[in-house]
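Take a first walk through this protein model. Begin with one small corner, then widen the view.

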Amino acid sequence: MINLTQSNGDALDLDGTTVLRIRKTVAHWDNDLGNTLVNSVRALFVMEEASAVAALVKAELPGLDSLTQPGGSPVWFNPAKSSGPIPVASPGKDGINSALDIGGKRQYVRETPETVRAKIEAGGGDVQPLPGEAFWNQAVEAVKDFFDGVEDWDPDRGVETPEDPAGS
C-alpha cells in the first residue's frame, strides 16, 4: 500500500497494482487539484510529484512504464491494462505520433507506433497491428470504400441555398 496526500490534505492509501496511469497535473485542466493525477479505480489528485508517485507505484507494479505526452511531460502507464498502438490522422502534428488506450481512454504520445507497440507487448497488454501490416491495410481499404460513395456538400456545385432557391 502506498501512502499519498490528496489535494484536500487528507491521507490516501493506494494499492499500486490498481494504477492505470500517472501524469503531472496541467494548470488549465486541473486547477488547484494537486501536483499529480493518478488514474486507478477512480481519478485521484495528489500533492506528491508525478515522478515520485511513479517510483512508489513501480515498487508494487513492476511493469509500470512511461511514454511522452505531446507537451513533453512523461506519462506513466500500466502496459498490461493498455491496448495499442492506435494510429493518428496526422503524425507529428502537435507532437503527436501515436496513441494508446489505457483503461478505455485514449492517450496521445510523441513516440512512434512501433515504440508504443513494443512497450505494450513487453508489459503483456493488448497489441494491435502497426500501420502497414495486412490487417491495418485491409481496415483502411474498407473505410476508404465506405466513404468513396459519400459526396462532399459544396454550395458552389449547384446546391440550393436560401439566396439561390433555383440551385443554379
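Thr5 has its bridge partner in strand E2: Ala11. This is a predicted model. The pairing belongs to a wider match between two strands. E1 and E2 run antiparallel, and 4 bridges join them. Together they form a hairpin, with 5 residues between the strands. Gly9 of this hairpin takes a positive phi near 95°.

Now look at the two faces of E2. Leu12 and Leu14 make up the covered face. Ala11 and Asp13 make up the uncovered one. So the bridge partner of Thr5 lies on the uncovered face of E2.

Where does Leu14 lead? Leu14 is a member of the largest nonpolar core, which has 16 residues. Leu14 is also among the members that touch the most others, along with Leu4, Ile22, Val38, Val53, Val57 and Leu64. Several elements feed this core. Strands E1 (2-5), E2 (11-14) and E5 (43-46) each supply at least two residues, and so does helix H1 (50-60). Which element gives the most? H1 does, with 4 residues.

Follow Leu64 next. Set aside its neighbours within four places in sequence. Leu64 is then in contact with Ile22 and Val57, both of them on the list of core members that touch the most others. Leu64 also contacts Ala54, Lys58, Trp76, Phe77, Asn78 and Pro79.

There is a second, separate core. This one has 9 residues, including Leu20, Leu67, Leu100 and Val109.

Val109 leads on to another residue, Ser98. Ser98 sits in strand E9, which covers residues 98-102. Is Ser98 buried or exposed? Ser98 counts as buried, because its relative accessibility is 0%. What does Ser98 touch, beyond residues up to four places away in sequence? Val109 is one of its contacts. The others are Pro85, Ile86, Val88, Gln107, Tyr108, Glu111, Thr112, Pro113 and Val116.

Step back to the whole chain. The protein chain has 3 helices and 11 strands. From the N terminus on, the order is β-β-β-β-β-α-β-β-β-β-β-α-β-α. The chain has 168 residues, and 33% of them count as buried. Take the contacts with a separation of 6 or more: 43% of them link residues 24 or more positions apart. The accessible surface comes to about 10100 Å². Carbon and sulfur atoms account for 52% of that surface.

Key. Residues numbered from 1 in each chain as written. Predicted model: local features only at pLDDT ≥ 70, side-chain atom pairs only at ≥ 80, totals over all residues. Heavy atoms only, no water. Buried < 20%, exposed > 50% of the residue type's maximum accessible area, 1.4 Å probe, protein only. Contact = heavy atoms within 4.5 Å. Areas by Shrake-Rupley, 256 points an atom, 1.4 Å probe, with all protein chains shown as cover. Core = buried A, V, L, I, M, F, W, Y, C linked by side-chain atoms within 4.5 Å. Pairing = 2+ DSSP bridges.
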